[in-house]
Amino acid sequence: MESNYYTHKTAEVDEGCYIGRDTKIWHFSHIMTGCVIGKHCNIGQNVVISPKVILGNNVKIQNNVSVYTGVVCEDDVFLGPSCVFTNVTNPRSGVNRRGQYSKTHVGKGATIGANATIVCGHDIGAYAFVGAGAVVTKSLKPYALVVGNPAKQIGWMSEYGHRLEFNTEGIAICPESNEIYTLKDQQVFKAQPVKKEF
């Protein structure tokens with residue numbers, strides 16, 4: 001039976017994985033047993049997806065990324081080059097902590113920049129934006145923009161990846177999509193489009 005996804009001849013895909021239609025897996029990447037990878041994903045060169053990782057649809061993973069057991073990424077997540085997840089908070093070579101992996105959940109549409117590190121046990125909110133090289137040591141709110149080591153929030157981002165500038169009434173408009181966002185009690189919400197009645 002022919003597979004409905006593409007795998008480069010140098011990539012290794014272990015038995016027991018589910019890989020969705022039109023996903024592409026590139027040079028020297030290793031997809032380990034028990035992974036679930038959605039449709040239309042792109043797994044770059046030299047990527048490791050550890051056992052039981054779950055990736056939604058349209059997830060883009062750039063080169064040299066390690067995604068370890070305990071990580072779940074929802075649809076449309078972007079993982080930049082050489083970013084990394086951890087799954088043990090206190091690793092020791094002489095202490096076996098398999099089965100004690102902490103979980104990390106990455107919400108829909110979130111971006112994690114190049115060389116960023118996500119310390120395990122912290123969730124990344126939907127459409128959050130982690131700047132290049134940031135070290136995330138706590139959970140992030142939806143639409144949060146964070147940079148630095150340790151990562152600190154410096155603003156908010158739209159679903160199109162533009163920094164939101166809120167007026168005194170807590171309203172911001174994405175310059176690309178023209179979608180409207182509101183800021184209330186340090187939470188950002190996207191306004192629902194108005195339905196026209198005919």
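Let me start with two strands: β18, residues 129-130, and β20, residues 144-147, pair in the parallel sense over two bridges. Before going on, note that this is a predicted model.

Who faces whom in that pair? F129 stands opposite L145 in β20, and V130 stands opposite V146 in β20.

Now look at the other partner of β20. Four bridges join β20 to β21, and these two strands run antiparallel. Here L145 stands opposite G155 in β21, while V146 stands opposite Q153 in β21. So that you can follow it on the screen, L145 has F129 as its opposite in β18 and G155 as its opposite in β21. V146 likewise has V130 on the β18 side and Q153 on the β21 side.

The strands β20 and β21 form a hairpin with four residues between them. Which residue in this hairpin takes a positive phi? That is G148, with a phi near 95°.

Next, the sheet that holds these strands. It is an open sheet of nine strands with mixed pairing. The order is β1-β4-β7-β10-β13-β16-β18-β20-β21. Which strands are at the edges? The edge strands are β1 and β21, residues 152-156, and each of them pairs on one side only.

On to the interior. The largest nonpolar core has 35 residues. Those with the most contacts inside this core are I49, L55, I61, V67, L79 and I112. A second, separate core has nine residues, including Y143, A144, A172 and V188.

Take V67 from the largest core. Leaving aside neighbours within four places in sequence, V67 is in contact with V48, I49, S50, V53, I61, L79 and F85.

One of those contacts is S50, which sits in the loop between β8, residues 48-49, and β9. Is S50 buried or exposed? S50 counts as buried because its relative accessibility is 8%, and the cut-off for buried is under 20%. With neighbours within four places in sequence again set aside, S50 touches M32, C35, V67, Y68 and T69.

Strand β9 covers residues 54-55, and I54 is in it. I54 has a relative accessible area of 38%, so I54 is partly exposed. That class lies between the buried limit of 20% and the exposed limit of 50%. I54 also belongs to a nonpolar surface patch of about 270 Å², which it makes with Y18 and V36.

Last, the start of the chain. Where is S3? It lies in the segment before β1, and β1 is residues 6-7. S3 is partly exposed, since its relative accessible area is 43%. How far apart are S3 and R21 in sequence and in space? They are 18 residues apart in sequence and 8.4 Å apart in space, C-alpha to C-alpha.

To recap two points: β20 is joined to β21 by four bridges, and β21 is an edge strand of the sheet.

Notes: Residues are numbered from 1 along each chain as its sequence is written. This is a predicted model: local features need pLDDT of at least 70, side-chain atom pairs count only at pLDDT 80 or more; totals for chains, interfaces and linings use all residues. Side-chain values use heavy atoms; hydrogens and water are left out. Patches are made of residues with over 30% relative accessible area and no salt bridge: like charges are joined within 9 Å, nonpolar side chains (Val, Leu, Ile, Met, Phe, Trp, Tyr) within 5 Å. Accessible areas come from the Shrake-Rupley method with a 1.4 Å probe; for residues, only the protein chains shown count as cover. A salt bridge is a side-chain nitrogen of Lys or Arg within 4 Å of a carboxyl oxygen of Asp or Glu. Buried means under 20% relative accessible area, exposed over 50%, partly exposed in between (1.4 Å probe, protein chains only). Contact means heavy atoms within 4.5 Å. A nonpolar core is a set of buried Ala, Val, Leu, Ile, Met, Phe, Trp, Tyr and Cys residues joined through side-chain atoms within 4.5 Å. Two strands pair if DSSP finds at least two bridges between them.
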